[in-house]
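Colleague: I'm new to this one, so could you take me through a single part of it closely? I'd like to hear about the second largest pocket, and then about the salt bridges.

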Amino acid sequence: MADIASLLQASLQPATRKQAEQQLQQLTPQQGFLLHLLRLILDKTQDRSIRLAGGIYLKNIAKLRWEEDVAPLSEQDKATIRSELVPAMIALSDPTDKSIRAQIAESVSLIAELDFPAKWSNLIDQLVVSLSETDYNVNIGVLETAHSIFRQWRPQVRSDALFTEINFVISRFMDPFLHLFRHTATIILSPSRPSNLDLVTQAQILLAEIFYDFTCQDLPPAIEDSHDEFFAPDFGWFHRFLTWDPPELRGDPDDANPSLPARLKTVIFEIAELYIKLYSDQLARSPAIETFVQGVWGLVGNNKLPNVANDQLVSQALRFVSSAIRSGFYKSLFSSKEIIDILLQGVVVPNVGLRDHEMEQFEDDPLEFIRLDLALPSGSGGAGSAEVSTRRQAAADVLQALVGSGYQTEATEIVGSWISTGLQQYNTDPAQNWKSKDSAVYLLTAIATETSTAKLGVTSINAQVDVVKFFSDHVFQDLQAVQGAVHPILQVDAIRFLLTFRNQLTKEQLLSVLPLLINHLKSDNYVAYTYAAITIDRILSIKKGSQLMFSQADVHDFAADLLGAILAKIEGAGTPEKVAENDHLMKCAMRIIITARQTLTPVYQQVLQRLVAILGVISKNPSNPNFDQYIFESISALMRFVVHGTSSTLPTFEQTLFGPCTFILQQDIDQYIPYVFQILAQMLDLHTIGVPTQYRTLLPFLLMPAPWQQKGNIPGLVKLLTAFLARDANEMVTNNQIVSVLAIVQQRLIPSKINDAWGFELLQGVMLYVPHTHLQQYFKVLLMTLLTRLQTSKTDKFVYHFSHFLLFTMAINVEGLGPNYVISTVEEIQPQLWSQVLTTFVIPQVPKMPHKDRKVAAIGLTRMLTESQLMLTEPAARHWPSAFTALVKLFNEPQYLTKTATEDANATGGLTNIDYEEQTAGYQAAYSRLAAAEGATVDPVAYVKDPKEFLGRALSRTRVGALIAACDPGIVQPFVQSLAAEGFVIQ
C-alpha cells in the first residue's frame, strides 16, 4: 500500500502510465486499499497532483468497479468508504481543494446511484448534519453532493422504486433544505451584503437546483404549501431574484462566463418552465407567469443583455416563453397581433442576428461553431435538460411555438415583412449587408418549421411558407456560387437550408444538388466543407418507409470521387489530433461506403490503404471516440460489401489489416482493441471452411486471462472465439484448447452479472461445434457452475439465459446431445432436480422469450416433450401438461417461428439490415459495437423448416394422448384440432 502515491505519480507520465495503471488495478481489490487511497487524497502533505490523481482514480473505481463480480471489492472496504466519503468531502471544503472535492462529490453520487438507500441509509443524515448557517464553504460541498444525487431523478421514468427513494430523501432533507433556502435568500437580498456574498450566492444557486430536483417528478407537500413564498409576484423569492443584480457580482463585461446572478436567474426560469409543463394548476393561483413574462421583457427585451456571458440566461428565458406559448394556458398574453409584434421585434429578431463572437468562432473555432449551430432548439429537449442552444436557436423556438400554437398567420405575416426587409437590404449592397440576408434565411427557416428532429430534419412545415420557392429564388444562387463570390456564411446558410429541408425535396431534386455539395467539399472554408459532409451524410440516410432512398445505383457515377475528396480533407489535417477532430468527415466517408457498396470494388484497395494510413496516424494519440468508431465502421463496411460481391478480395483485406491489427494488440492501444477483435472475427467469418495459419497463431493469446480483463474486449473476443469454434473445433480439441475456453466461461464470464450473457453465447458455440465425445466429460461440471450461480446471485437476465441455454442444447441437431442427455446430466447432480429446474425456471421463461429466440424454444420444448423418456415417466411426466401448454402458447404467434422471405434473402446475401442512423457512436463503458461486422444471424435449428409440422410429426410418433388430455383444454384443444386437420394423428 505504501506504493500507491508513487504509482499515482507514475500514472501521470505517458512513459509509465500503462504499467502504473495495471499495478493499481491489481492492488484495488486488496483489503484496505480504498481507505488507504482516501487517506492519501486527504493528506495535504502530498503533492496536489497526486491527490487529484487519487481522487480521479477513486471516482473511476466507483464508476467501473464498485459492483465488479470478478476480483470484487471487499464489502467491508465498501462499507468503510461509504461512512468516510461525506466527512472527507467536508474536510476538502477549502477553496484550494475545489477540484479534488469535485472528484469526491462525484464518487458519492456514483456510489449512491448503486447503494442508496438500501446499503447507505444514513447518507442523507450525514449530509444534513453537515449543513451550517455560517460556513458556506461546507454548505457548497454538501449541496453539490446532494444535487449530484438528486438530479438523477430528472430524466427517470416514474416508478414505485423512484418515488420510494424521493420520499425517503424528502422526509429527511426537506425541512433543513427549506430552512437553509430561507436563511440564504434572506442574506443575499438584505441591504447589508456579507463579505462572502459570492459563496452565499453559489449556495443559493445550488439550493435553486435542488428545488428543481425536488419538483421534477411530483410536487412535495411542503413545497406546495409554500407556493406563494416562492412564486408570489411581489414578495416571492423567485420574483425578487429576477430583479436582483448586485454590482459587486456583475463581473467583467468581457468575461464569457455567466455571473452568479445570471446563473441564479437561469435556474429560476428553468423552474418556471418546469412548472408550466407539470403544475399549471399551481401557477393559476396567482399571476406568477405573467410576472415572469414581464421579467423576460425587462431582462432581455431590445437586446439589453448583449454579452456572451448572458447567452445561457437569454436562451433559457426564451425557452420559458416558448413553453408558456405551447402550454395554451396563457393565450391572453399572446393572443393579439400587437403583442406578437412586440414579442418578435423586441425579443426574437434582436437575438436572431449573428454576433461578433460568433463570427470569430466561425473563423477561429469552426468545430465549436458547428456544434452549437446544429444543436436542437429547446422544443425537443426535456425539462431541465442541460442542452446547449444559442440565442438564435432559442429565438427561433419562440417562432416555432407561435406557429404550432394557433398564431401561424400572425407570426408568418410579421416575420415575412422582416424577411423581405432583410433581403432588400442585402440586394442594395450584398458585400456590406450580408448579415441581413443571413438573418432573413434563418428567420424563414424558423417560421417554416412546424416540427423537426435532429435525425430527420424538418418533418412538417408551415403551409403558409413556400420553402421550395424561397430556396429557388434566394438560396440556390448561394449554393452554386463559386468560393469567394459571396460571403462564406451565406454559402453555409445555403447548405444548412438544404440540410434542414432535405425531406421536403424529391429524390430527383436532391440528386441534382449533390454535385454542388461535392464542390463545397473542396472549399477552403472549414465550416463550409464540414457542413457539406454533414448534409451528404444526412441525404444518403433518408428513408422512405423502411428502405433507404438512395441505393448504390444512384451514387455509382460519383461515389469513388466523392469518397476520395472526403478522405483527402481528412488526410490533409496534419497531426493525429487534427486528423481525428472532425468526425463529421469520417461519418460521411462511412455513409458513402455503406451506400456505394460494391460500386467501390474497382477502387477498394486504394480506399482500404488510405483508411489504414489514417488509422495509423490517429493511433499515435487516440483522441476522438466518434472518429474512431466511424473509421473502423468504414473499414468493416468496405470489407463486408466488397468481399460479398467478390470473394477473391478477402486475402487482400487480410494482408492489409493483419499488420495494423497485430500492432494495436502489441502496443495495447486499449481504445482500439475491442474494434480489432470484431474486425478479426469478421474476416475469419468470411472463410467458409478452415482457419488460415495467421489466425491460429493468435489463438493462444486469445485464451490468456489478460485480454479478458477489459470489459470492452469481451463481446469481440466471444465473436472471434465462436468463429474459431465453427471452423476449427477439432484442431482446438487436439491442442487441448477447449479446456481453456470453458475455463474462461466458468471463471470469467458466468460469475459476472455484466458479462454472463456473453458467457452463454460462447457456450452455445461450444455446444454447437465441439464434438460431444470430447465435451461429455465437462458438461456436468459446467451445469453445476450454472446452478451455483443461480443459487448465489440469481438475476432475471441470468435465469432467462440459463433456461434458453437448456432449450438450445436440447434443440440443436448435434450427435450425442438432445433432451435425454441434458435431463439425465441434471439428474446425476441431484435426483429429481430436473423437475425443479423445469417448473421453477424453464416453463416460466418460455412466454418471456424474445421473438428471435422463440423458434429455438419451440424446437427445444418439442424434442424435450417427445424424445425424452425421462419426461414421459414419473416424476417429470406430471409437469408434461404445463410444458406442452407453454409450447402451444408459443404457436399462438406463429409469425415469430418462421423466417420471412426478406430475412431469407438477407441471410442468403450474408447481409443484415443495419440502420446506421440508429448507431450511437463513441466508446461505451462495456462495448463499442461495429454494426457492419455483424454477420447474418445463424439459425441453430435450420434443420427444421416448419416448427408446427415438426411438432405434429413428433407427437404422431409418441403416445402422449393421455398427457394432452390433462392439459388446459381451452388453450390446447383448438391447437390439437388444427394439427388433426393437417393430417397428424395423435394417440
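Modeller: The second largest pocket holds about 1700 Å³ of space, and keep in mind as we go that this is a predicted model. The pocket is lined by 42 residues, and the ones closest to its centre are Gln25, Leu64, Asp670, Gln709 and Gln710. If you want to find the walls by element, look for α1 (4–11), α2 (17–27), α4 (48–64) and α36 (673–685), which are the elements that each give two or more residues to the lining. Of these, α2 gives the most, with seven residues. As for the chemistry of the lining, there are 21 nonpolar residues, 12 polar ones and nine charged ones.

Asp670, one of the residues closest to the pocket's centre, also has charged partners: Lys18, Asp668 and Asp670 are linked in a network of salt bridges. In general, side chains of opposite charge can pair when their charged atoms come close. Across the whole structure, a search finds 44 salt bridges, so let's pick out a few.

Start with Arg51, whose salt bridge to Asp97 has its closest N and O atoms 3.4 Å apart. This pair ties together distant parts of the chain: Arg51 sits in helix α4, while Asp97 is in the loop between α5 (75–91) and α6 (98–115), 46 residues apart. Is Arg51 buried or exposed? Arg51 counts as buried because its relative accessibility is 4%, under the 20% cut-off. Asp97 is buried too, at 3% relative accessibility.

Next, try Glu229 and Arg182, whose side chains meet in a salt bridge at 2.7 Å, N to O. Here again distant parts of the chain are linked, with Glu229 in helix α12 (residues 227–231) and Arg182 in helix α9 (residues 160–189), 47 residues apart. Arg182 has a relative accessibility of 31%, so it counts as partly exposed.

Last, have a look at Glu413 and Lys337, which form a salt bridge with their closest N and O atoms 2.6 Å apart. Glu413 belongs to helix α23 (residues 408–428) and Lys337 to helix α19 (residues 337–348); the two are 76 residues apart, and the pair links distant parts of the chain. How does this pair sit relative to the surface? Glu413 counts as partly exposed because its relative accessibility is 48%, and Lys337 is partly exposed as well, with a relative accessible area of 35%.

Key
Residues numbered from 1 in each chain as written. Predicted model: local features only at pLDDT ≥ 70, side-chain atom pairs only at ≥ 80, totals over all residues. Heavy atoms only, no water. 1 Å grid on protein atoms, 1.4 Å probe; cavity = no way out; pocket = protein on both sides within 12 Å on 5 of 7 lines; lining within 4 Å. Points joined across faces, edges and corners; volume = space filled by probe spheres on them. Helix = DSSP H or I, 4+ residues; strand = E, 2+ residues; numbered from the N terminus. Nonpolar A, V, L, I, M, F, W, Y, C, P; charged D, E, K, R; others polar. Salt bridge = Lys/Arg side-chain N within 4 Å of Asp/Glu carboxyl O. Buried < 20%, exposed > 50% of the residue type's maximum accessible area, 1.4 Å probe, protein only.
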